[in-house]
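Visitor: I would like to go through this model one element at a time. Please give the reasoning with each answer.

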Amino acid sequence: MSAPSSSGSLERGRACLRCRRRKVRCDGGQPACGQCMRANKIDECEYTFGAGLTATQLLEQEVVRLESCIAELQNRSFVITLRNPYEQGESGSVPTQTPLSPNQLIVDFSLELPANMTEVVLNSFLEHASQVGFFLNIQRLLNLINSGPASRERAHPRIPSVLLNAIYLLGLDFRRDAHLEPFRLRLLSYTLQQLPSAVSNARSLTMSYVLQAEILLSYYFFDHNRGLEGAYHSNAAIAMVLAWKLHLIRSPQNTITASVALGQANLLPPSDKVEEGERINAFWAVFVLDKCWSVALGVPSGFADDGSTGTQIDTPWPMTNYAALPANFQSMRTVQTFMQNIPARLGSEQSIHAAQAKASLLFERAARLASQWELNNTSIQASLLFLDNCIERFKATLPAMDGIYSARPDIIRNLLMVHTLAHCATIQLHTPAAQASVASSDITLTAAEAAIRALQGVNTDAIEFITPIMPVLWTMVAQVISRRIVRSRGSDRASPSAVPGPAVPGPDQASLLASFDRILVAMQRWSNTSPLMKHQQTVLHQARARV
């Protein structure tokens, strides 16, 4: 490792990107500076004075470009024009192939699967659909898939083949069958080549299906540890929901009653309560995706929730039974009402999907507010206290993990995500102060231990797939344990990589190490099927060796 500057200050432009964003002093150490080592953020320590752009810079460039797209889409006259990120042949992208002909673009790839495998792959997807932002009504989708003549030349009526191919892609991915691997790679290529045409030709009848395909692809890439591509599809989904004003469903502000213009397409009013429910679920599926992964990637959220810019969120929380939604019901300031603890107008707002949206909101807000902690002014302190109260109040409403019906793995996985997000929101909020405050350090440790207890209440052997944000959250939990082990040894000034601050009492070393190991054991369950889980597990094994 190169030594820090002897003068105590670096030449302008030589600090790492993470220290620049946090506006803290960087010692310029390589391959990682002292600040990043103490925070266990070695992988995020990147410098810009070398040759070429860093991965973070490439991602930031893409985010800036897509944010400008979103700004355009919020105006009434626009056309969706998202650049295909795969046409430049970036590392990890699908190899360049001859463009598909118009006939190929409408053919359902499932027709090329081995005999009797289509139904198996589809069922594999549906079993885990709730973990990858699937918002469509399953029974209605199955009815459409099963309708029409069983000809090998047909495409399913009304359902773009890009969605069917995305569904089969995820279904194959969930199975992890080596014999089907060639089909998965070809299917990924097909789907990516179909998507630009599907987006530009989206109509009111197919809008939800194209949006669903974007969401599925985003989760696919995140799970495969391909964050740049995952962020591309996530931002494309954000652009769509804002363009189609899905954040204003049932809003008094949404005065467009006949249709919403989208370039050459028209988003007609929903045909029934089921379709309206799909649109509500679609908005919140993208909201959860954005809030979770904006924190994981360290980029701004795409949802501002600002009335002055037309981005205020009025769409009602997702619910289970949309038939119970009164015809004259109007929703307004959904997020702000929740944060201000105003009682819900509908009992169905307490659904598991609503809990996911709320936990994701708190998680992202905690990370955003914590990034301003060093300003240390009265306004920030008041906001910290307010958000801390919101998080604790939300936690108090959650059912215990051990009280969940064990025959519903989908509910168990979703509730585990909610509990873990809520505890990680506390960790995010208090981590900056934990370096100097014993009280804040205790709060983060308590939250980490609560997240581990939630994990212990789950039979991981019964869960074949888990949403890709979980390895990111468990890494945050493990980092709290790791920092506490170092500090409890009182070695903060003896080791250059130790966390600064006073030594603090707490659980004994064996107890802390056991907590750390519980996370590693859980991650091992999915490390062979999820590249992201495997990567994060490797990071934690390295951290475990250091403590």
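Guide: A residue counts as buried when its relative accessible area is under 20%. The model is a predicted one. In helix H5 (residues 118-128), the residues that meet the buried criterion are Val121, Leu122, Ser124, Phe125, Leu126 and His128.

Visitor: Which elements cover the buried residues of H5?
Guide: The buried residues of H5 include Leu122 and Phe125. Among what covers the buried residues of H5 are helix H6 (138-146), helix H9 (207-223), H7 and H15.

Visitor: Which residues touch the most other members of the largest nonpolar core?
Guide: The largest nonpolar core has 141 residues. It draws at least three residues from each of domain 2 (113-146 + 157-254 + 265-296) and domain 3 (351-490 + 506-546). The members that touch the most others are Phe125, Leu211 and Trp474.

Visitor: Leaving aside neighbours within four places in sequence, what is phenylalanine 125 in contact with?
Guide: Phenylalanine 125 is one of the buried residues of H5. With neighbours within four places in sequence left aside, the contacts of phenylalanine 125 are Val132, Phe134, Ile167, Leu170, Gly171, Phe174 and Leu216.

Visitor: Which residues does the second, separate core include?
Guide: This second core is separate and has 11 residues. Among its members are Val24, Ala32, Cys36 and Cys45.

Visitor: Is H7 roughly parallel or roughly antiparallel to H8?
Guide: The axes of helix H7 (residues 161-175) and helix H8 (residues 181-200) come within 9 Å and cross at roughly 150°. Angles over 145 degrees count as roughly antiparallel. H7 is therefore, with respect to H8, roughly antiparallel.

Visitor: Which residues of H8 are met by H7, and what is the hand of the crossing?
Guide: From H7, the residues involved are Ser161, Val162, Asn165, Ala166, Tyr168, Leu169, Leu172 and Asp173. In H8 they meet Phe183, Arg184, Leu187, Leu188, Thr191, Gln194, Leu195 and Ala198. The crossing in which H7 passes H8 is left-handed.

Visitor: How are H13 and H15 oriented, roughly parallel or roughly antiparallel?
Guide: Helix H13 (residues 352-370) packs with helix H15 (residues 409-434) at an angle of about 15°, and their axes are 8 Å apart. The crossing of H13 and H15 is left-handed. Angles under 35 degrees count as roughly parallel. H13 and H15 are therefore roughly parallel.

Visitor: Does aspartate 410 count as buried or partly exposed?
Guide: Aspartate 410 lies in helix H15. Its neighbours beyond four places in sequence include Ser130 and Gln131, which aspartate 410 touches. The relative accessibility of aspartate 410 is 22%, so this residue counts as partly exposed.

Visitor: What separates the C-alpha atoms of aspartate 410 and isoleucine 463?
Guide: Along the chain, aspartate 410 and isoleucine 463 are 53 residues apart. In space, their C-alpha atoms are separated by 8.7 Å.

Visitor: How do H9 and H11 run, roughly parallel or roughly antiparallel?
Guide: The axes of H9 and helix H11 (residues 273-297) come within 11 Å and cross at roughly 25°. The crossing of H9 and H11 is left-handed. Members of the contact include Leu211 and Tyr219 of H9 and Val286 and Trp293 of H11. H9 and H11 are therefore roughly parallel.

Visitor: Is leucine 136 buried or exposed?
Guide: Leucine 136 lies in the loop between H5 and H6. Residues in contact with leucine 136, leaving aside neighbours within four places in sequence, include Leu163, Tyr209 and Glu278. The relative accessible area of leucine 136 is 6%, so leucine 136 is buried.

Visitor: How far apart in space, C-alpha to C-alpha, are leucine 136 and glutamate 278?
Guide: In sequence, leucine 136 and glutamate 278 are 142 residues apart. C-alpha to C-alpha, leucine 136 and glutamate 278 are apart in space by 5.4 Å.

Visitor: Is lysine 23 buried or exposed?
Guide: Lysine 23 is placed in the loop between helix H1 (17-22) and helix H2 (34-38). Phi of lysine 23 is near 55°, a positive value in a residue other than glycine. The relative accessible area of lysine 23 is 72%, so lysine 23 is exposed.

Technical notes: Residues numbered from 1 in each chain as written. Predicted model: local features only at pLDDT ≥ 70, side-chain atom pairs only at ≥ 80, totals over all residues. Heavy atoms only, no water. Core = buried A, V, L, I, M, F, W, Y, C linked by side-chain atoms within 4.5 Å. Buried < 20%, exposed > 50% of the residue type's maximum accessible area, 1.4 Å probe, protein only. Domains from an automatic or database assignment. Contact = heavy atoms within 4.5 Å. Axes fitted to C-alpha atoms, helices over the stretch in contact; angles between N-to-C directions. Helix = DSSP H or I, 4+ residues; strand = E, 2+ residues; numbered from the N terminus. Parallel < 35°, antiparallel > 145°, perpendicular 65-115°, else oblique. Left-handed = near helix turned anticlockwise from the far one by under 90°.
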